[in-house]
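I opened this notebook to keep a record of what I looked up, one topic at a time. Each entry begins with what I wanted to know and ends with what I found.

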Amino acid sequence: MVVFYPLLEILDKMEHGPRMTERDFDLARLHPTMKRLLKEHDIRYDPNFIVPNDDSLIRDVFHAGFELACEVGMWCLDTKRVITLEENDVRTALKRAPEQDIVGTGMDQAIYYPRKIEDPRPPIRGVILGHLA
């Protein structure tokens with residue numbers, strides 16, 4: 001089993017992190033930060049290129065996502081608290097990430113893997129795992 005982040009630290013942050021509603025997390029933390037990072041990194045949607053092939057854009061998207069994770073953290077549905085992440089912890093988790101992950105069983109089984117720049121393998125199509133209201 002690969003440990004991305006010390007489990008006990010995550011559990012502690014789930015119980016003792018800043019309390020916030022989902023709406024407040026989205027409107028006060030997530031959206032303003034995302035908007036700022038998109039502007040700072042000059043990231044724009046181009047409907048002609050669903051999968052970007054511009055190396056500088058790919059790097060900018062990665063760096064913006066990395067900064068987003070470090071600045072915003074995650075919101076815990078169960079405890080209604082923010083789980084903050086330090087830059088070093090995010091870097092460590094990325095270094096320890098598995099080469100692939102097998103999800104599901106039988107006919108529903110899929111293998112998820114990180115794609116590299118100019119990866120010849122097709123993009124993975126799937127669903128977002130999480131809470132649906």
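The entries below go from the whole chain to single residues.

**Entry 1: the whole chain**

I note at the outset that this is a predicted model, and I keep that in mind for every entry. I began by listing the elements, and I found that the protein chain has 4 helices and 4 strands. Reading from the N terminus on, I wrote down their order as α-α-α-β-β-α-β-β. I then looked up burial, and buried residues turn out to make up 20% of the 133 residues in the protein chain. For contacts, I considered pairs of residues at least 6 apart in sequence, and among these contacts 56% join residues at least 24 apart.

**Entry 2: helices H3 and H4**

How do H3 and H4 pack, and at what angle? I looked up helix H3, which covers residues 55–72, and helix H4, which covers residues 87–96, and their axes are 9 Å apart at an angle of about 125°. That angle makes H3 oblique to H4, because it lies neither in the range of 65 to 115 degrees, which counts as roughly perpendicular, nor over 145, which counts as roughly antiparallel. I also noted the handedness of the crossing of H3 and H4, which is right-handed.

Next I wrote down which residues meet: from H3 there are Phe 62, Phe 66 and Cys 70, and from H4 there are Glu 87, Val 90, Arg 91 and Leu 94. Sorted by kind, the residues of this contact between H3 and H4 comprise 5 nonpolar and 2 charged ones, with no polar residue.

**Entry 3: a salt bridge within H4**

Glu 87 and Arg 91 appeared in the contact of H3 with H4, and I looked them up again as a pair. Their side chains meet in a salt bridge, with a distance of 2.9 Å from N to O. In general, side chains of opposite charge can pair when their charged atoms come close. Glu 87 and Arg 91 are 4 residues apart in helix H4, so about one helical turn separates them. As for accessibility, Glu 87 is partly exposed, with a relative accessible area of 42%, and Arg 91 also counts as partly exposed, at 41%.

**Entry 4: Arg 36 and its partners**

How many salt bridges does the structure hold? I found 5, and I followed those of Arg 36 with some care. Arg 36 forms a salt bridge with Glu 40, and the closest N and O atoms of this pair are 2.8 Å apart. Both residues belong to helix H2, which covers residues 22–40, and since they are 4 residues apart there, they are separated by about one helical turn. Glu 40 is partly exposed, with a relative accessible area of 49%.

Arg 36 also meets Glu 71 in a salt bridge, where the distance from N to O is 2.2 Å. Because Arg 36 lies in helix H2 and Glu 71 in helix H3, this pair ties together parts that are 35 residues apart in sequence. Arg 36 counts as partly exposed at 32% relative accessibility, and Glu 71 counts as partly exposed at 38%. Putting the partners together, I noted that shared salt bridges join Arg 36, Glu 40 and Glu 71 into one network.

**Entry 5: His 41 in its loop**

Is His 41 buried or exposed? I first placed His 41 in the loop between H2 and H3, and then I found that it counts as buried, because its relative accessibility is 14% and the cut-off for buried is under 20%. Leaving aside neighbours within four places in sequence, I listed the contacts of His 41 as Asp 60, His 63, Ala 64 and Glu 67.

**Entry 6: two positive phi values**

My last search was for positive phi angles outside glycine. Asp 42 has a phi near 50°, a positive value in a residue other than glycine, and Asp 42 lies in the loop between H2 and H3. With a relative accessible area of 47%, Asp 42 is partly exposed.

Lys 80 is not a glycine either, yet its phi is positive, at about 60°. I located Lys 80 in the loop between strand E1 (74–76) and strand E2 (81–83), and at 35% relative accessibility Lys 80 counts as partly exposed.

Definitions and conventions:
Residues numbered from 1 in each chain as written. Predicted model: local features only at pLDDT ≥ 70, side-chain atom pairs only at ≥ 80, totals over all residues. Heavy atoms only, no water. Axes fitted to C-alpha atoms, helices over the stretch in contact; angles between N-to-C directions. Parallel < 35°, antiparallel > 145°, perpendicular 65-115°, else oblique. Left-handed = near helix turned anticlockwise from the far one by under 90°. Contact = heavy atoms within 4.5 Å. Nonpolar A, V, L, I, M, F, W, Y, C, P; charged D, E, K, R; others polar. Salt bridge = Lys/Arg side-chain N within 4 Å of Asp/Glu carboxyl O. Buried < 20%, exposed > 50% of the residue type's maximum accessible area, 1.4 Å probe, protein only.
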